[in-house]
Amino acid sequence: MAGQNKIAVTGLNLFYGDFQALYDINIQIPPHHITALIGPSGCGKSTFLRTLNRMNDLYPGVRVTGQVLLDGEDIYAPGTDVVALRKRVGMVFQRPNPFPMSVYDNVAYGPRIHGIKNKRQLDEIVEMSLRGAALWEEVQDRLFKPALGLSGGQQQRLCIARLLAVEPEVLLMDEPSSALDPISTLKIEELIQVLKRDYTIVIVTHNMQQAARVSDSTAFFLCGELIEFGPTEEIFTRPVDKRTEDYITGRFG
C-alpha cells in the first residue's frame, strides 16, 4: 500500500515538448531509506529526481503523466501547493550554491521566509541545522563571516544545513559530492548515513562505490527507462539484467 512508503511512483512518463525523457517509471521508497539512482549521463536520473519535488515545472514545455505519491497524496494533483511541496522535499545540487551572505544568514534564510523573526528561535534553528549537517564545530566562530569563504566541502554541508532549517521530510541530492575532494566526499557520505535516521534520501551518483557504500536500494536508469531496481547488495552482486552488470563493472558501452 502507498501508505507504507514515503514515496510511491507509478507509471511516470515525462516529456520535454515532443521528446520523451522518462518511460513508465515505477518505484516505491520507504521512509528513512536511502535510494541511489545510477546510470550513464543523459539516462534520466536527474530528470527523475526533479519529478519528486516538481522542479521540472521550471522548464518550458514539460508534461508529466502517471502518479507520484508523497505519503499517499499525488503531488501532481490539481491545486497542489508547490512551494509547500518543496519545503517538504528539498534538494541539494551538484555544486555548492551558498548565498552571498554570512553563514548564519544562509541557514536562517528559509525560516525567515516562512515567517520566523524571533532571534532566539533563529539562533536555535541555525545551531541545530549546522549540527545536523556536521558543520557546527567548524563554523561556530565564523557564523557572521561570508559563506563563500568556506571550503567546497563546507559549502556543500552548509547547503544541507540550509535545507534542514526548513524541516523537510525528504532530501534529494543530485551528485552532492562530485565537485568535492575525497576527504570532503567521505564527510558527505558519513553525513548521509546519519541523516537517514530523520529523513528519506534519494541520491543521484555516478560513483558506483558511493552508491554501494551509502544506499539501501539502487535504481539503474538507461535511456529514460528504469532497467532494474532493488536492494543495493543484490543489484551490485546479483543483477538480473546484463546491462546493469555491464554498467556496474565498467564494461558498459
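## Exercises on strands, helices and cores

In this predicted model, strand 6 (residues 89-92) sends Val 89 and Met 91 to one side and Gly 90 and Val 92 to the other, and all of these residues are buried.

**Exercise 1.** Find the strand that pairs with strand 6, and state the sense of the pairing.

*Solution.* Begin at Val 89, whose bridge partner in strand 7 is Val 170. Then follow the two strands along their length: strand 6 and strand 7 (residues 170-174) are joined by four bridges, and they pair in the parallel sense.

**Exercise 2.** Trace the pairing from strand 1 through strand 4 to strand 5, using Leu 69 as the link.

*Solution.* Start with strand 1 (residues 7-16), which runs antiparallel to strand 4 (residues 62-70) and is joined to it by eight bridges. Within this pair, Ala 8 has Leu 69 of strand 4 as its bridge partner. Next, go from Leu 69 to its bridge partner in strand 5, which is Asp 74. Strand 5 (residues 73-74) pairs with strand 4 over two bridges, again in the antiparallel sense. Finally, look at the turn: strand 4 and strand 5 form a hairpin with two residues between them, and Asp 71 in this turn has a positive phi of about 50°.

**Exercise 3.** Describe how helix 6 and helix 7 are placed relative to each other, and name residues through which they meet.

*Solution.* Two packed helices are described by the angle between their axes and the distance between the axes. Here the axes of helix 6 (residues 152-164) and helix 7 (residues 182-195) come within 9 Å and cross at roughly 20°. Angles under 35 degrees count as roughly parallel, and the two helices are therefore roughly parallel to each other. The crossing of helix 6 past helix 7 is right-handed. On the side of helix 6, the residues that meet helix 7 include Ile 160 and Leu 164, while the helix 7 residues that they and their neighbours meet include Leu 191 and Leu 195.

**Exercise 4.** Work out where Leu 195 belongs in the nonpolar interior, and which helix gives the largest share of that core.

*Solution.* The largest nonpolar core has 44 residues, and Leu 195 is listed with Leu 130, Ile 160 and Met 173 as having the most contacts inside it. The largest share of this core, five residues, comes from helix 6. Leaving aside residues up to four places away in sequence, Leu 195 touches Gly 132, Ile 160, Leu 164, Leu 171, Met 173 and Ile 201. A second core, separate from this one, has 28 residues, among them Ala 21, Leu 22, Ile 27 and Phe 221.

How values were computed. Residues numbered from 1 in each chain as written. Predicted model: local features only at pLDDT ≥ 70, side-chain atom pairs only at ≥ 80, totals over all residues. Heavy atoms only, no water. Core = buried A, V, L, I, M, F, W, Y, C linked by side-chain atoms within 4.5 Å. Buried < 20%, exposed > 50% of the residue type's maximum accessible area, 1.4 Å probe, protein only. Contact = heavy atoms within 4.5 Å. Pairing = 2+ DSSP bridges. Axes fitted to C-alpha atoms, helices over the stretch in contact; angles between N-to-C directions. Parallel < 35°, antiparallel > 145°, perpendicular 65-115°, else oblique. Left-handed = near helix turned anticlockwise from the far one by under 90°.
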